[in-house]
Amino acid sequence: ETNFDEVVKAHDKEMASLLKTILTEVFPEDKDWEICILKATSGRMLLDIKRSGQWKARAVKQGFREDKSTADGPDFSYYSNVVKFGAVRIALARIRHKDRQLWIIDISTAFLQSDSYPDGKVKYLSLKNPITGKWHYYRQSGPIYGEASAPVRWENTLAYWLEHDMGFTRGQNEPSVYYHEERDLLVMTFVDDLLIDGYPEHINWFLDALEQRFDCKDPDMVEEGVSLDYLGMEIMRKDNVIYLSMEKYIENAIRILDIKGRTPTVPISEPIDTTTTPLT
């Protein structure tokens, strides 16, 4: 059952955050009001409930409505990189010294922490207040969730900081992997989820700098007897050995596909024997 007061609180919290960072409301008396009305791309306020039971609201731009040729220019590349599963597995398979650690950290609302548009560029956004039904119009100084260019703008922001400010070398074949040779420190990025592999003093150095530059959630260390999720892979540590499991991911896939305890109607290629062994 929806708690109306909690929904209002979640909406107001999201808008307060946006107005502190990338949005400025435009009013009829402002000189760019008519331009804003003409060029604004519509957005929506999405409501969700977190695993903690708290309501969460997120303003999302309807990026498919953007005129990309004028929004970002005709030669703008929207392609962005994320670390590949194979690269993560290779990194975790390395020989590990006893005091080497693995940490995972999530950067909060990463897209909103991207660098501002270059050269003072401004976009316009329209949002309908789901509580009052009133439309509001905003100047937008940086990317927002749902915007076509948001993923690559965030990637460029993080990559520049890692390379130019922190001294990491970026992978050529795997652009979402960064290595600090002097500190033997490895950082892998999947949008706002970072996996860090290194020695304690260097990880502390990196986490301190990261948390000064970006708003982050609390980091977690892969410790003995505790499993942490990274990209659907459960990472565990025992006797200085790293173990990976995708049990929860597979169980969820089986539930979604509704194939538990019976032979699937869609054939599955080898090495699974679909003629004699049902999935259980």
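## Salt bridges across the chain

K84 and E174 form a salt bridge, with their closest N and O atoms 3.9 Å apart. This pair links distant parts of the chain, 90 residues apart. K84 lies in the loop between helix 3 (68–71) and helix 4 (85–92). E174 lies in the loop between strand 7 (169–170) and strand 8 (177–180). The model is predicted.

The two partners can be placed by their accessibility. K84 has 49% relative accessibility, so it counts as partly exposed. E174 has 12%, so it counts as buried. The cut-off for buried is under 20% relative accessible area.

## Two buried bridges

A search of the whole structure finds 16 salt bridges. One of them joins D197 to R100, with the closest N and O atoms 2.7 Å apart. Here too, distant parts of the chain are linked: D197 sits in strand 10 (residues 193–198), and R100 in the loop between helix 4 and strand 4 (101–106). The two residues are 97 apart in the chain. D197 and R100 are both buried.

K123 and E147 form another salt bridge, and their closest N and O atoms are 2.8 Å apart. K123 belongs to strand 5 (residues 123–128). E147 is in the loop between strand 6 (135–140) and helix 5, 24 residues apart from K123. Both residues are buried.

K123 and E147 also belong to a network of salt bridges. Its other members are K61, E66, D72 and R153.

## Aromatic pairs and a cluster

The whole structure holds eight aromatic pairs. Among them is the pair of W161 and F206, which is tilted. The ring centres are 6.0 Å apart, and the planes meet at 50°. W161 is in helix 5 (residues 150–165), and F206 is in helix 6 (residues 200–213). The pair therefore links distant parts of the chain, 45 residues apart.

Are these two rings buried or exposed? W161 has 5% relative accessibility, so it counts as buried. F206 is buried as well, with a relative accessible area of 0%.

W161 and F206 are part of one aromatic cluster. W154, F168, W205 and F214 belong to it too.

## Charges over rings

W205, a member of the aromatic cluster, also has a charged partner. The charged end of R183 sits over the W205 ring, 3.8 Å from its centre.

R58 and Y145 give another case. R58 lies over the face of Y145, at 4.0 Å from the ring centre.

How values were computed: Residues numbered from 1 in each chain as written. Predicted model: local features only at pLDDT ≥ 70, side-chain atom pairs only at ≥ 80, totals over all residues. Heavy atoms only, no water. Phe/Tyr/Trp six-rings, centres within 6.5 Å; stacked < 30°, edge-to-face > 60°. Helix = DSSP H or I, 4+ residues; strand = E, 2+ residues; numbered from the N terminus. Buried < 20%, exposed > 50% of the residue type's maximum accessible area, 1.4 Å probe, protein only. Lys NZ or Arg CZ within 6 Å of the ring centre and 35° of its normal. Salt bridge = Lys/Arg side-chain N within 4 Å of Asp/Glu carboxyl O.
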